[in-house]
Amino acid sequence: MNAVPHPATSAAPVDPPPEHAPLTAIRAAVRARRARTLARPLWILATCASVAALRLGRELLVPMVLALLLSLVLSGIVETLRRYHVPRGLSALVLLLLIGSAVGGVLHAVWMPARQWIESAPHVLRTIEHKTRPAQSVVRRIDAIARRASALAGAAEAPPAVPVNAAPASSVSAVDVVESTSGVIAALLMGGALTLLLLAAGPPTLARMTAPVATEGRAVHVLRVIDAIRVEVGRYYGTLALVNLLFGTATALLMWSLHMPNPMLWGALAAVLNFVPYLGCATTFAIVTLVAFVTFDGISQTVLVGASFLLLAAIEGHIVEPVLVGRRLDLNPIVVLVALWVGAWMWGIAGMVVALPALVATKVAAARSQNGAAVVRFLSPPHARTQQGLSSRFTRRRG
């Protein structure tokens, strides 16, 4: 009877020997290292696939992304009118009609001057060639000296150029024009309809869309991030649109006071191009300086036009815009230029328009994330504050 084992003693679990614990930790560390090793090439492949998909699907994605951007900019106005019991659909429709009428009016006002400048392009080129003949003669002399030095050094002369017969000019038919413009019209209609639906749906639609794909706590966090992006991007671009409108008006008045032809055209050009950081203002400066060089006889008037526009741009960029827009969402200039270059490569002009809002949205989302400090530091200029300060401002405002 004493040889029968006790049931409780036989059912008790047997603990592993203590010497197996280090072996288990080593195996876990090896598995974690293998996962990290595989994660890096997978992320690279996913990034390459995403870039390829964005470039190949630009005809489908560009209207949708532009509609989303426009809805973010206008959502603040729609939600403000909603508090005064104005339906979202009605306010969105009125806003889109007002914006369409304003854009149509500006295009109608600048269409004829722009067409005249395009038609007079050969005359403008001849004028530029005539006024730059002294500089051309100097360049030709320098080129001749370089060729003589190359010949004395025993360099082989280049073979004579073979004349190439010019290709016959292809005629453009009405069918070609219709086919080229039908896609643009369809994209505009699709973008306008999607913008109207997004504004009419409002934030409650985002809650219904994120609920099936996330847990309750995660969905609340995603909604807060989306709402922060909507508020910040809308406020940023709404204020920037007002600043650019004032900048375009000031540019038109400045060109009119300096007796430049078609001042309204240059004001509209400055207002539109100023949405593109750095490159837009530089492009406007080059265009107005070239027009002044072609229009006026003296070089002093050309220098006056260029210097006056640079002074106006400096006031707008260093005084007006920081005061009205603020430096909360400042971005690293290097990152901005790279994003503009990549956006232009993928989607052309639309990509340049979308590049800056994408960076702003990324910075806002990273500022509200627990692990986004590195992203905020990467996107911020050297003089910017830390991610904690940015997050605390968002928290105080939302609270």
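What share of the 399 residues in the chain is buried? I looked this up before anything else and found that buried residues make up 28% of the chain. I note at the outset that the model is predicted.

**Entry 1. Overall make-up and confidence**

I listed the secondary structure and obtained 16 helices and zero strands. I then took the contacts between residues at least 6 apart in sequence, and 71% of these join residues at least 24 apart.

I checked the confidence next. The chain averages a pLDDT of 75, and 70% of the residues score at least 70. Among the elements, helix α10 (residues 263-273) has the highest mean pLDDT, 90, and helix α16 (residues 387-398) has the lowest, 46.

I marked two stretches for caution. Over residues 8-12 the pLDDT stays under 50, and the model shows zero contacts there beyond four places in sequence. Residues 166-172 also stay under 50, with two contacts beyond four places in sequence.

**Entry 2. Nonpolar cores**

Which residues have the most contacts inside the largest nonpolar core? I found Val233, Tyr236, Leu331 and Leu359, in a core of 24 residues. The elements that give two or more residues to this core are α3 (58-83), α9 (216-257), α13 (333-347) and α14 (349-367). Helix α9 gives the most, with eight residues. I recorded another core lying apart from this one; it has 18 residues, among them Val110, Leu258, Met260 and Ala292.

**Entry 3. Aromatic pairs**

I counted two aromatic pairs. In one of them, Tyr236 and Tyr237 meet edge-to-face, at 5.2 Å centre to centre and with 75° between the planes. Both tyrosines are buried, and I had already met Tyr236 among the residues with the most contacts inside the largest core.

Why do I enter Phe247 and Phe309 as tilted? Their ring centres are 5.9 Å apart and their planes stand at 55°, so the pair is tilted; an angle over 60 degrees would have been needed for edge-to-face. This pair links distant parts of the chain, as Phe247 is in helix α9 and Phe309 is in helix α12 (residues 299-324), 62 residues apart. Phe247 and Phe309 are each buried.

**Entry 4. Charged side chains**

How many salt bridges does the structure hold? I found one. Glu79 forms a salt bridge with Arg88, and their closest N and O atoms are 3.0 Å apart. Side chains of opposite charge can pair when their charged atoms come close.

Are the two partners buried or exposed? Glu79 has a relative accessibility of 14% and therefore counts as buried. Arg88 is buried as well, with a relative accessible area of 16%. I note that the cut-off for buried is under 20%.

I also looked for a charge over an aromatic ring. Arg55 lies over the face of Trp345, at 4.5 Å from the ring centre.

**Entry 5. Ser75**

Where does Ser75 lie? I located Ser75 in helix α3, one of the elements that give two or more residues to the largest core. Ser75 is buried because its relative accessible area is 7%. Leaving out residues up to four places away in sequence, I found that Ser75 touches Leu199 and Arg230.

Notes:
Residues numbered from 1 in each chain as written. Predicted model: local features only at pLDDT ≥ 70, side-chain atom pairs only at ≥ 80, totals over all residues. Heavy atoms only, no water. Salt bridge = Lys/Arg side-chain N within 4 Å of Asp/Glu carboxyl O. Buried < 20%, exposed > 50% of the residue type's maximum accessible area, 1.4 Å probe, protein only. Core = buried A, V, L, I, M, F, W, Y, C linked by side-chain atoms within 4.5 Å. Helix = DSSP H or I, 4+ residues; strand = E, 2+ residues; numbered from the N terminus. Contact = heavy atoms within 4.5 Å. pLDDT = per-residue confidence, 0-100. Phe/Tyr/Trp six-rings, centres within 6.5 Å; stacked < 30°, edge-to-face > 60°. Lys NZ or Arg CZ within 6 Å of the ring centre and 35° of its normal.
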